[in-house]
Structure formats: structure tokens, C-alpha cells
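This briefing is intended for a reader who is meeting the structure for the first time. It begins with one pair of strands and then proceeds topic by topic.

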Amino acid sequence: MKWPNVSPSMQNEQPPEAIVLVRDLWMTFAGKRRDEQIHVLESVNIDVSPGEFVCMVGPSGCGKSTLLNIIGGFLTPTRGQVIVEGLPVTGPDRRRIFVFQENGVFPWLTVEQNIGFGLSRLALAERNNVIAHYVAMVGLHGFERSYPRELSGGMRQRVEIARALAANPDIIYMDEPFGALDFLTRLKMRADLIRIWQNEKKTVLFVTHDIEEAVQLADRVLVMSQRPATIRDVVNVDLPRPRDIDSREYLQTRDRIFQVMGMDIHTGIAKEPGSPPGPDSIDQRRKVGSDAATTGA
Amino acid sequence: MMGSTLQEPSPTVTQTTQAPPRRSADGIAWQKILLPAGVAIVFLLGWDAAVRLSGTQIFPKPIDVAKGIAELARNGVLLKYIVASLFRVTCGFLAAVLVGVPVGLLLGWFGTAFDAFNPMLQIFRPISPIAWIPVAILWFGVSDLAPIFLIFLASLFPIIVAAIAAVQNMQQVYVRAARNFGLSRVQLFRRVILPATLPQILTGIRIALGVAWLVVVAAEMIAVNSGLGYLIIDARNAGRRYDLVVAGMVMIGVIGLILDLLVRQLEKFDEVRWGYGTR
């Protein structure tokens, strides 16, 4: 790791092996009314090691998507710092590719044109090689010339993942990428994602509201609280892959996260008051936020 | 690929953009060809009967109009005037596309520019192109430039408005993805904003071409002495030849239909078809 702006003596509390460092991050949105402020994030601290698969789970609308957008450089935090690969984040960067919740595949381009979107700097032959490699990796062989509208939702999400991988980023940020898919497709996409991650050795930050998904995927699960969100607990998932979702260890890990989030796994009843579910998109969060704020959170 | 392809429907199953096969080929032939042809024949018969019953000596029967078109075609006037009208429409319309698309995209993208220019735009927009005819003659005289200018003005506003709306309604995820891949401003416009807005812009262009074809006729009635508009006003003024007046009207209608069909073909390209829902 390079630390161009940090003298060795200052590295004490920053593990030098961390690729993503979030330090004392706060985020406040302006509400509907002029004097209203919605506190979304409160003093969030995160360390991610290179090659690690980290999931962030939390209740819907808690701000985890906002957090990932700040780390990705799409939003500026109210306070605090995000340091990625040794440098403060000032905006999106082609070395860290975001996979969007609402699917950012370009509908006017074919599958192979989408996957090659970030490769315009490469020579044509090399570019075609890279495209072919990632088409095969995500299992879209035979659909190179298809347009996104001709594909199923799962296939479109594969195109976006392939487009992210083809750009050869160091880190991939994934914001509930499988949220809109049906149950079986989701299971298969998770298995494929793990297989690809094991091949590619990328660092992955993955936001989800699905605890099962987090435990199936992650090395480490960051459990977030209700808004204003903080990291409530960090759960290491030391289970071999592919993971047996019936094993005792798996179920224990899963139930522990449920407990941290204040839910009883068997009844679904919240053990703590004040956990209203809500939509999680950035656009809607402000609305939900102001509602919650007026009811006196 | 691991596992089965159970959850991956083949693309033939998910082709939601194709029109469903509704009825048999015979049924389509009936509804798409024979039925409208029947309506047209009834219209022509009704027109013919109305002229005969009223005993008018001025208004032509359909057969007189057909003879009039044949006469115009024989003496070469028809082709010459069609070419003249199409030439003016092409010049004015293309100029409007070349100016309107970039201006609309920029006004849609830069909020400050939009706030600065939009009120002025909204004042100019409702002024009928016909109202500009005296000004056009003052500036350009009796020449091709006057109708070309009028057509340019008339088609400019639908294109600008469509382009502005297209940028403002664009899905933000495309812009964010593009920024993530490190595109420059120019690349962002060429590789993302233009293709993302093209379907809506094309709809504006289709409306603009319709307006342009309306305006060329009006402009030619006043500002020049050739073209289909001039044909109509000249046939009326020199000898009250209403068969030729209606012949000119029929040609305008037919050519307008052809122009619209041509622009509609553009909407079938894969680069824009995603933007038109399931039709």
C-alpha cells in the first residue's frame, strides 16, 4: 500500500493493510421543511482489507445505501472521511466500479458493447478478448449481440457485473444488486458471484437488507442500526465456501445477526420499539426520513 | 456456468417488445387493408354524390381531381413543385435538427442555462410561424430563404423542447455509471446523454417534420412562386381551377404521410427501440 499523504507516525490507528477506511462519517440531509434535518449516518467507522468480501446489512431505509454512495464518491458526507487506497475520495473513480440497485446497463448498447464500455482505451483486439472472457465468466455466451430489453432481469444484472469486472477495478461496490430478482435467480447469482470473486480476488462491498444473503456471501458482516445508522456490530463469518445453509454454524451466525438487529428469527417480532420498515432508495429516503422525523424519532 | 439454466428464460420467451400475434393473416389483411380501403371508397362516393346533388359548377368531383393530377404530372409542373417544396422543407428542417438537438441537450443539462433561456423560449414558442411570414419577406425577400427560415423556426421549437425534456427525465443511473467509468464531459454527451435521450428526441423530430410540412404550404402561398402551396393559390387566382386546388391538397396529404412513414422507420432501429415501450 502507498501512503503518500500520511507520515508513518500517523498510521497508528489506520491499519496499513486496509483498502477502504471510513472514519467518523456523518451524513445529514435537508428535510422537507426548511429547518428540518434528517440524520442518516452517525459516526460510522469501517476498515476493509484488500480482497475481502464485506456485506453491510441493516433495516430498510437505515442509510446503508447512502453510506455506499458516499464511499463510492457519488455523495459528499456532512462530516468525516473516506480513504480508499490511501487517498481521500473526492468523486467516482474507474478503479472502483459501482453496481447499481436499479440496473445501470445501457439499453442502447448490446451485451458486448455494455461490457466493453469502460475499455475504450484498449486496442480493439485486446478489448474483444476481455469482453469474450467476461461474457463467458457470467454465462452470457450466445447473447453478445442481444440488447438488454431482450434479456431477463438476472441476465441484465450479469451484464452489469461483467461490465464492472471488465474495467478491472480494485474494488466493486454493490448496492442491493439482486434485490429485484426472483428467489431462485438470486440464489444462483449469489453462487456465481462467489465463484467470480474467488477467481478475481477483488475487494467487494455489498449492501443488502437480506441477512441470509449477507451470511451466504460475506467474510464479514457489518450490522447497521436504524437511522441514524451506525455500525452496531461486526460479525465474522468463518465458514467454508460453498456454504451449507443448513449447517449449525450458518444458522448460528444468521441468528446472531437477527439478534443484533433486534429481531426474533422465529417470530419476526422486533424486540426493540421503533423499527418501521420503509423503502430504501435514495429518492424515497428523504420522504420517509421526514415522516419519521415528524413522529419524533 | 454452474448449475442449470432453470431460472434463465431464453430470450424468445422474454421478447416483450414484439407485438403479440393477435389474429390470422386473413384477419390482418381484412383489418389493415380492406377495411380502410372500403372507408376511402365510401368517402369518395359520398364526395361525388354531394357534388352532383348540389349542382355546383366550381367544386370538382373526385374524378376531376384525378384528371387534374394527371394534367399536372403530364406538363411537369407537379414534379417540379414537389421537388421545390421538399427542398425547402429539407433545408429548414435539417437546420432545425442541427441547431435544436445540441441546444436542447445543453439547456436540459445545465440548469442555469435552462433558467436563463426557458422563459424567452416559452414566449417565442406560441408565435405561429405564419405570423413570421411578413418578417421573413422583409429579411429575405421573395426567395427560397424566406420559406426555409419559416420552416426552420417552426420545427426548431418542438425539437428543442423534446431534447430538454429528454435530458431532464433521463434516468440518473446512466449518468452515474458513466461518471464511474471516468468519461470526460464530451464523452458523456456523445456516449451517454445523446443515446439515452435519442428516442424522445426522435419523437420531437417527427412532430417537427409534420409541422414543417404544414408550414411550407402556407409560406409558399405568400412568399414564393413555386411549390405545392403556390400551386394551390395560383390555381385559384388564375382561372378558379378548383380541380387543381384539390389536386394540390391531395398531393400534400400523400407526401406528408410518406414523410411520417419514413421518420417512423427510424424508430425501429435497435439504438432507440428500447425507448418506445412495447408498441
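In strand S7 of chain A, Tyr173(A) is the residue that stands opposite Phe98(A). The two strands concerned, S6(A) and S7(A) (residues 171-175), run parallel and are joined by 4 bridges. The model described here is predicted, with an ipTM of 0.79 and a pTM of 0.79.

**Strand S6 of chain A**

- Strand S6(A) spans residues 96-99 and is covered on both faces.
- On one side Arg96(A) and Phe98(A) are buried, and on the other side Ile97(A) and Val99(A) are buried.

**The antiparallel sheet of chain A**

- An open sheet of 4 strands in chain A follows the order S2-S1-S4-S5, with antiparallel pairing.
- Strands S2(A) (37-48) and S5(A) (87-88) stand at the edges with a single partner strand each, so each has one side without a neighbour in the sheet.
- Within the sheet, S1(A) and S4(A) (residues 79-84) are joined by 5 bridges and run antiparallel.
- Trp26(A) has Arg79(A) in S4(A) as its bridge partner.
- Helix H1(A), residues 64-71, lies across S1, S2 and S4 of chain A, and its direction makes an angle of about 120° with S1(A).

**Backbone features of chain A**

- Most residues other than glycine have a negative phi, and most peptide bonds are trans.
- Asp24(A), a residue other than glycine, has a positive phi near 50°.
- Asp24(A) belongs to strand S1(A), residues 20-30, and it is exposed, because 12 other C-beta atoms lie within 10 Å and the limit for an exposed residue is 12 or fewer.
- Glu176(A) is not a glycine either, yet its phi is positive at about 40°.
- Glu176(A) is located in the loop between S7(A) and helix H5(A) (183-200), and it counts as buried because it has 22 C-beta neighbours inside 10 Å, where 20 or more are required.
- A cis peptide bond links Arg227(A) to Pro228(A), with omega near -5°; Pro228(A) is found in the loop between strands S9 (220-224) and S10 (231-236) of chain A.
- The peptide bond from Arg241(A) to Pro242(A) is also cis, with omega near 0°, and Pro242(A) is found in the loop between S10 and helix H7 (248-260) of chain A.

**Overall form of chain B**

- Chain B contains 11 helices and 0 strands.
- The radius of gyration of chain B is 24 Å, well over the 19 Å given by the globule rule for 279 residues, so chain B is more spread out than a compact globule.
- Taken along the principal axes, the C-alpha atoms of chain B fill a box of roughly 80 × 55 × 30 Å.
- Of the 279 residues in chain B, 34% are buried.
- Among contacts in chain B with a separation of 6 or more, 74% are between residues 24 or more positions apart.

**The nonpolar core**

- The largest nonpolar core has 148 residues, and Ala162(A) and Ala212(B) have the most contacts inside it.
- Helix H6(B), residues 145-168, supplies the largest share of this core, with 18 residues.
- Leaving aside neighbours within four places in sequence, the contacts of Ala212(B) are Val89(B), Gly92(B), Phe93(B), Ile151(B), Ala154(B) and Ser155(B).

**Helix H9 of chain B**

- Helix H9(B), residues 228-237, has 7 of its 10 residues buried, so it is largely enclosed by the rest of the structure.
- The buried residues of H9(B) include Leu228(B), Tyr230(B), Ile232(B) and Asp234(B).
- The cover over the buried residues of H9(B) includes H3, helix H8 (185-222) and helix H10 (242-266) of chain B.
- Gly239(B), just after H9(B), takes a positive phi of about 100°.

**Confidence in chain B**

- The average pLDDT of chain B is 88, and 90% of the residues score at least 70.
- Confidence in chain B is highest in helix H3(B) (residues 77-109), at a mean of 96, and lowest in helix H11(B) (residues 270-273), at 87.
- Residues 1-18 of chain B have a pLDDT below 50, and this stretch has 29 contacts in the model beyond near neighbours in sequence.
- Where pLDDT is low, the predicted coordinates should not be read in detail.

Key. Residues numbered from 1 in each chain as written. Chains lettered and ligands numbered in written order. Predicted model: local features only at pLDDT ≥ 70, side-chain atom pairs only at ≥ 80, totals over all residues. Pairing = 2+ DSSP bridges. pLDDT = per-residue confidence, 0-100. Contact = placed C-beta atoms within 7 Å. Core = buried A, V, L, I, M, F, W, Y, C linked by C-beta atoms within 7 Å. Axes fitted to C-alpha atoms, helices over the stretch in contact; angles between N-to-C directions. Rg over C-alpha atoms; globule rule 2.2 N^0.38 Å.
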